Amino acid sequence: MNISVTLPDGSIREYDKPVSALAVAEDISPRLADASVCAELDGKLIDLNHIIDHDATLVLHTFKSEAGKETYWHSTAHLMAQAVKQLFPDVLVTIGPAIEQGFYYDFDRDASFTDEELLQIEKRMHELCAQALPYTRTELSKAEAIKLFSDMGESYKLELLDAIPDADIISSYRQGDFVDLCRGPHVHNTTKIKAIKLLKTSGAYWRGDEKNKMLKRIYGISFPTNKELNEYMLFLEEAAKRDHRKLGKDLDLFSMNDEVGPGLVLWHPNGAMIRHLIESYWKEEHLRKGYKLVYTPHVGRSNLWETSGHLGFYNESMYSPMEVEGQDYYIKPMNCPFHIHIYNANHHSYRELPIRLAELGTVYRFERSGVLHGLMRVRGFTQDDAHIICTPEQLDNEVEKLIVFSLDMLKHFGFKDFMIYLSTQPEGSVGEKEDWDKATNSLAASLTKLGLEYSVDEGGGAFYGPKIDIKIKDAIGRAWQCTTIQFDFNLPKRFNMQYIGADNTAHQPFMIHRAVLGSVERFFATLLEYHGGNLPIWLAPTQVMLIPITDGQLDYANELMERMQQSGLRCEIDPRSEKMGYKIREAELKKIPFMCIVGKNEAANGQVTLRQHTKGDLGTMDLDTAIATINSHA
RNA sequence: GCCGAUGUAGCUCAAUGGUAGAGCAAUUGAUUUGUAAUCAAUAGGUUGGGGGUUCAACUCCCUUCAUCGGCUCCA
């Protein structure tokens, strides 16, 4: 018998009898064998001790690969469950997957896990690692699996088994006294798991459904070396420094206030300036791209929301009505109905389309108290909203332009990495299947044509249409939705939107609802975190701080400020009788991009000494050179 | 909303159930300074709100509000 194993580099290794993946790894190098956590046999993930008994391609995964990390963390989750079961035998295990950064395991237990208990569990995990317990895979029939887990009293596992077809072969993994229902693969021994940190606890609904029981979740992470764990902990610390809530306070950008109410933002002058700059840019770009700016009211009569259907399908997110002269008015959770009425105020010919109505529209939505999160999730926010009304023929072109426009705008703010999602028709949606397909295909085709990678969220569209979402990550890797491009098959019909076609009859237009930044609040927060507070100079509320060394240079500094302001720079003076070092330190902490230091020498020669934030002294030069230098960074 | 943690001066944080404190910031004064903190004085508080236990509560209990980390939901 001869078995040949093809490796990713194309090399082939021959064996005269079946071998384990681990043996192949050892054959290549002991170091690779040591670093490997799982393998991929003919594209299927396997355990390292899986026996290869046929000609096959083999990829060995170390912790460096995605699959390696996932296996490593998943195995750590099992290890944690084992420790928890040993320490707290009454706890029932449920599920425990690997996640993007680490793993979690959900347990059914009345009390929450305390910080002390977490340390206790962590300690037990290390002890179990030291015992060098092998992870062993066992395949069994569904009936056997049911017997196994019902003997253990693990009712949640039985519920999971329930969903598996009777004829399927089920795998379980055992290490020491712990058995878990699991597809695998796993590391082959607990010694593989070295550095462990249990990070936090939380509640989590069984199967993610809030009608179900709330379980107790423990999050953790693990690494092959302590060094990597320490680096990760450092990364979390660094990320905390970039948190927009901290930066918002430090740089005096915005605040929330108990008395004003949760989820309602107060924009301080510095934050308001940044917002103003974002919005001005946004307006100019939209005008350049053929959008028309509109303004609409903050409230609308109940009839409007009945026609739009919001009172039916969006009621939970809307605030209670206010009564005016016997009529109910609602504060708007969306801008669409108003934009539609602007469209409907006139008759439209197909020759006018597409019509693009844009507004920085402030909306108010009721968000449950537990979900509020800095500026990322608030109750009053401004959408950079627009509605594109077009003919079916114009659809593809509009979508494509829209995606390009969105990405260009995000890039202009410095963003580079995006996650793009295409969400398709969900259950119980409105509109014709034919239209859905056309719209979904149009979205997909545009993404493909532009060479963009995207994930499909099957059935994740709104009930009224498919959509494309673009997400950006925050400081600790949480993804936040910014751009959303949504079709709407619902409102054009409800509001009876029409245009007169070339055939001189009325047609219903297509409508795209879109926001590029998403909401100004969330975008602002993401922007702040992305740049760690060091905004690009065109967005810095103060671009230059003039620092006179003594009172003697105050007049000169004032003159400089005036000239800089004339040239369009946002410039301020620090006139206090503090030492220069103190003023510099403060300007640095405020993350002001440039400082102009002027002392006796500069005043005498009509010069300035320029200093760049985080970079330091750039030397002495005349004002025009300084202004040019500053502008070259814009 | 649910599970848990937290809430003390503008900010960052101290204080066994026994007189609420520090640093920075602020104000006033002195200092006139050369690339990340000059010195001194002053002022600043119903310890998130309400209730309770106690001779005595920042500290213990109840309740409520907010924030933080998750879950569910979402721009």
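**Exercise 1. Around Y556**

Which backbone oxygen does the side chain of Y556 reach, and at what distance?

*Solution.* Set the conventions before starting. This is a predicted model, in which local features need pLDDT of at least 70, side-chain atom pairs count only at pLDDT 80 or more, and totals for chains, interfaces and linings use all residues. Residues are numbered from 1 along each chain as its sequence is written, chains are lettered from A and ligands numbered from 1 in the order in which they are written, and side-chain values use heavy atoms, with hydrogens and water left out.

Step 1. Place the residue. Y556 lies in helix α17. Helices (H or I, at least four residues) and strands (E, at least two) are DSSP runs, numbered from the N terminus.

Step 2. Check its exposure. Y556 has a relative accessible area of 12% and is buried. Buried means under 20% relative accessible area, exposed over 50%, and partly exposed in between (1.4 Å probe, protein chains only).

Step 3. Find the polar partner. The side chain of Y556 reaches the backbone oxygen of Q607 at 2.7 Å. A polar contact is a pair of N or O atoms within 3.5 Å; within protein, one must be able to donate a hydrogen and the other to accept it, and residues adjacent in sequence count only if both atoms are side-chain atoms.

Step 4. List the other neighbours. Contact means heavy atoms within 4.5 Å. Beyond four places in sequence, Y556 is in contact with V598, E602, A603, G606, Q607 and V608.

**Exercise 2. The two sides of α20**

Determine which residues of α20 are buried and what covers them.

*Solution.* Step 1. Helix α20 spans residues 623-632, and its buried residues are L623, A626, I627 and I630.

Step 2. These residues lie on the same side of α20, because they cover an arc of only 95° around the axis. The arc is that of the directions from the helix axis to the C-beta atoms.

Step 3. Turn to the opposite face. The exposed residues D624 and S632 sit on the face turned away from the buried side of α20.

Step 4. Identify the cover. It includes β31 (544-548), α17 (554-566), β33 (594-598), β34 (607-612) and β35 (616-622).

**Exercise 3. Q82 and L128**

Describe the surroundings of Q82, then move on to L128.

*Solution.* Step 1. Q82 is found in helix α3 (residues 66-87). Q82 is buried, at a relative accessible area of 1%.

Step 2. Look at the polar partners. The Q82 side chain reaches the backbone oxygen of Q175 at 3.1 Å. A polar contact of 3.0 Å joins the side chains of Q82 and D177.

Step 3. Add the contacts. Apart from neighbours within four places in sequence, Q82 is in contact with L128, L133, Q175, G176, D177 and F178.

Step 4. Follow the link to L128. L128 is in helix α4 (residues 115-130) and is buried, with a relative accessible area of 1%. Residues up to four places away aside, L128 touches L79, Q82, A83, Q86, L133 and T190.

**Exercise 4. The surface near RNA strand B**

Characterise the protein residues around RNA strand B.

*Solution.* Step 1. Pick the nearest residues. A residue is near a molecule or strand if one of its heavy atoms lies within 4 Å of it. Of the 57 residues around RNA strand B, S202, Y205, S369, R377 and E602 come nearest.

Step 2. Sort by class. The surface has 16 nonpolar, 18 polar and 23 charged residues. Ala, Val, Leu, Ile, Met, Phe, Trp, Tyr, Cys and Pro count as nonpolar, Asp, Glu, Lys and Arg as charged, and the others, Gly among them, as polar.

Step 3. Examine single atom pairs. A backbone N or O atom of G203 lies 3.1 Å from a sugar or linking oxygen of the strand. An N or O atom in the D258 side chain is also 3.1 Å from a sugar or linking oxygen of the strand. For R611, a polar side-chain atom lies 2.9 Å from a base oxygen.

Step 4. Name the main contributor. α18 gives the largest share of this surface, seven residues.

**Exercise 5. Cysteines**

Search for disulfides and inspect C38 and C596.

*Solution.* Step 1. The whole structure holds zero disulfides. The criterion is a pair of cysteine sulfur atoms within 2.5 Å.

Step 2. For C38, the nearest cysteine sulfur is that of C182, 12 Å away. For C596, the nearest is that of C571, at 7.0 Å.

Step 3. C38 is buried, at 0% relative accessible area. C596 is buried too, with a value of 0%.
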